[in-house]
Amino acid sequence: MDKNNFNGGNNQNKKPDNKGPQTAVILVVAAVITLLIFSFVNNLVTDSTKKEITYNEFMKMVEDDQVKSVVIGTDSIVITPKTTKTDRVLATPIMIYYTGIVDDENLPQKLMDAGVSVKGQIPDRTGFLESLMMTIIPLVIMWMLLSFLFSKMAKGSGMMGVGKSNAKVYVEKETGVTFKDVAGEDEAKESLQEVVDFLHNPGKYSAIGAKLPKGALLVGPPGTGKTLLAKAVAGEAHVPFFSMAGSDFVEMFVGVGASRVRDLFKEAEKAAPCIIFIDEIDAIGKSRDARYGGDSEREQTLNQLLAEMDGFDTSKGILILAATNRPEVLDKALLRPGRFDRRVIVDKPDLKGRVEILKVHAKDVMMDESVDLDAIALATSGAVGSDLANMINEAAINAVKQGRKLVSQADLFEAVEVVLVGKEKKDRIMSLEERRIVSYHEVGHALISALEKDAEPVQKITIVPRTMGALGYVMNVPEEEKFLNTEAELRTMLVKFLAGRAAEEIVFGNVTTGASNDIEKATDIARAMVTQYGMSKKFGLMGLETVESKYLSNKASMQCADATAAEVDKEVMALLKESYDRAKELLTENRECLDKIAEFLIEKETITGKEFMRIFHEIKGIPSEDDAKNEMIEEKTQEICEDKVETDTTQPEVIQKDGVVVELKGSTETESKG
Ligand code: ADP
Ligand code: ZN
């Protein structure tokens, strides 16, 4: 759902012109034919009537009295031979001989003695015109053809559109986006606000002698609204918005990227004041050192960009905004003063930010009074702006499908789940045995949440499979948004992740592939505890890993000796084993709860956190009213659920889905087992 149609824009320049290439081909063929004819005629003239001879041969001709006249030029002697009677009868074409000049001061005398008429050179008009025709005219024709051709090609697309950036630049005269359309991201908006003022009146700043910013780099994960912010800057300043993706610059030909950069700046200069937005700048701005692999085309493009940025005059009011989610790979030269010296962080929204984003997108959607955007925001920790926009749209589509005029809270929760775990796979029939396994596995996870005080409350448990691979999952909704995790919380998380597998082992004496996702996540957490958070006794506070791409994958790389890495693995293994043992211990102690709730879940397929806690408390003999946690759950479930809970969250540690990826030959299909 993209109400702002952010990338499509009014790409006025991109009009496919199908006639162009055809005409061009015809013209090229015509040009080639013309050239061939020219050179053919030229050769004819040269070969049939002119012949170069040596000076000796020339002297011999003079001695043999075969020469009628000579013209001595500055660099050659042109010899006209005497014609014989036979030649005249047969009308043989007269052969003109020529030879180079040799420093021979007796030559005129010798010629005179032989009775040859001698002339100095007269500028040869026809020769001059001829050479003019032979060289300049084809050049002019070629030039005209080529320029015609390029102008045609640039409008169409294709390989030949080289050197013209307007094949892919999107220009919007007026984006119509303002800061109001960008929710959350207050710091980002604030630091861009002054930039807007600068675009409004560039003169004001340069008059005092203030250095104006040339560029700002928007840094953050995908979908957080970087493009939207750039557009909003243009919209607020009422200036045109030029945008191009970094990958658009880099083509198969060396030099194309550089010329595109040149053209882009030329166009922008004409339209100044304006904004140039370069999305995914890391595609061209990658560090030029060898670590990330270098190639000359990209380097040239980058150098051109740097040169253009240094070259233009800020008082014209051109501001370059660029976006990236991999700031760590950017070439340092890009970040120097006078280039992208401002860095604007556009991070994932917090709870308040998510509420605001939801409000912005809910504005144009008709909603009934059941809707509580705060509850949706609480359940979507980790979601970015584009996810949230998407959810609202999904909910609206769902309401329309069911013939309703208003979107309800249930629609929204269903949409949250659709965006995060896919649609329900109603047609998948699972055997009773498999449903039992999935059910026990999920209840295993859920019980840890109920038993451990550092765990997040259960919102929903389901064994209805989803299209994105989950065969079942437990949804936890945090009581409040957290920015820090304590060590105890992380340890509980490990136990919770591994409790699915533990339940399988305890109940069935056998284990399945369904825990692969859990194992992966548990391992990631355990490793981070050891290598990044200083939470292992053995290594203490030593940092052993660095996170390479904070905004993308969060994947870290080891920064230690191989021997240490092996020790780290052992430590991680020990942590996981300890957690698994704890999970088995807790579940064995609570076997009755496990059995009863699992049976209930098999029957119902989906149960709410409230139902889950009711059974749990019944078995444990805890009166519900006295239990603070339970009360909290009740409250939250009332808020969020109607009769059926439809919730989900984005954060991997919040939603616990179970699936295993089976790689099929030729295609990658996600097949899951719980
Ligand atoms: P990015 O450039 O960071 O990848 P976009 O700006 O392309 O993200 O965001 C995609 C869409 O998501 C936007 O068009 C908008 O509909 C929505 N969106 C993202 N962030 C926000 C936000 N902070 N406020 C409102 N909408 C947002
Ligand atoms: Zn699981």
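How accessible is Lys82: buried, exposed or partly exposed? In this predicted model, Lys82 counts as partly exposed, with a relative accessibility of 37%. Its salt-bridge partner is Asp65, and the closest N and O atoms of the two are 2.7 Å apart. Because Lys82 sits in the loop between S3 and helix H3 (85–90) while Asp65 sits in the loop between H2 and S2, the pair ties together parts that are 17 residues apart in sequence. Asp65 likewise counts as partly exposed, at 42% relative accessibility.

The surroundings of this pair bring us to an open sheet. Its 5 strands follow the order S1-S4-S3-S2-S5, with mixed pairing. Strand S1 (50–52) and strand S5 (117–120) form the edges, each pairing on one side only. On average, neighbouring strands of the sheet are turned by 25 degrees against each other, direction ignored. Within the sheet, strand S3 (residues 76–81) and strand S4 (residues 96–100) run antiparallel and are joined by 4 bridges; Ser76, for example, has Gly100 in S4 as its bridge partner. Helix H2 (residues 55–63) lies across strand S2 (67–72), S3 and S4, at about 35 degrees to S3.

A second region of interest is strand S12 (residues 458–462), which is largely enclosed by the rest of the structure, because 5 of its 5 residues are buried. S12 is joined by 4 bridges to strand S13 (residues 473–476), the two running antiparallel, and Thr462 is partnered there by Tyr473. Another 3 bridges join S12 to strand S16 (residues 606–608), again antiparallel, with Lys460 standing opposite Thr608.

Lys460 also takes part in a salt bridge with Glu417, at 2.7 Å between the closest N and O atoms. This pair links helix H16 (residues 409–421) to strand S12 across 43 residues. Both partners count as buried, Glu417 at 0% relative accessibility and Lys460 at 2%. The two belong to a network of salt bridges that links Glu414, Glu417, Glu424, Lys460 and Arg466. The whole structure holds 23 salt bridges.

Turning to helix packing, helix H17 (residues 432–451) and helix H18 (residues 487–508) have axes that come within 7 Å and cross at roughly 145 degrees, in a right-handed crossing. Residues making the contact include Tyr440, Gly444 and Ile448 of H17 and Val495, Ala499 and Ala503 of H18. By class, the contact residues divide into 9 nonpolar, 6 polar and 5 charged.

Conventions
Residues are numbered from 1 along each chain as its sequence is written. Chains are lettered from A and ligands numbered from 1 in the order in which they are written. This is a predicted model: local features need pLDDT of at least 70, side-chain atom pairs count only at pLDDT 80 or more; totals for chains, interfaces and linings use all residues. Side-chain values use heavy atoms; hydrogens and water are left out. Two strands pair if DSSP finds at least two bridges between them. Axes are lines fitted to C-alpha atoms, for helices over the stretch in contact, and angles run from 0 to 180 degrees between N-to-C directions. Contact means heavy atoms within 4.5 Å. Buried means under 20% relative accessible area, exposed over 50%, partly exposed in between (1.4 Å probe, protein chains only). A crossing is left-handed if the near helix is turned anticlockwise from the far one by less than a right angle, and right-handed if clockwise. Ala, Val, Leu, Ile, Met, Phe, Trp, Tyr, Cys and Pro count as nonpolar, Asp, Glu, Lys and Arg as charged, and the others, Gly among them, as polar. A salt bridge is a side-chain nitrogen of Lys or Arg within 4 Å of a carboxyl oxygen of Asp or Glu.
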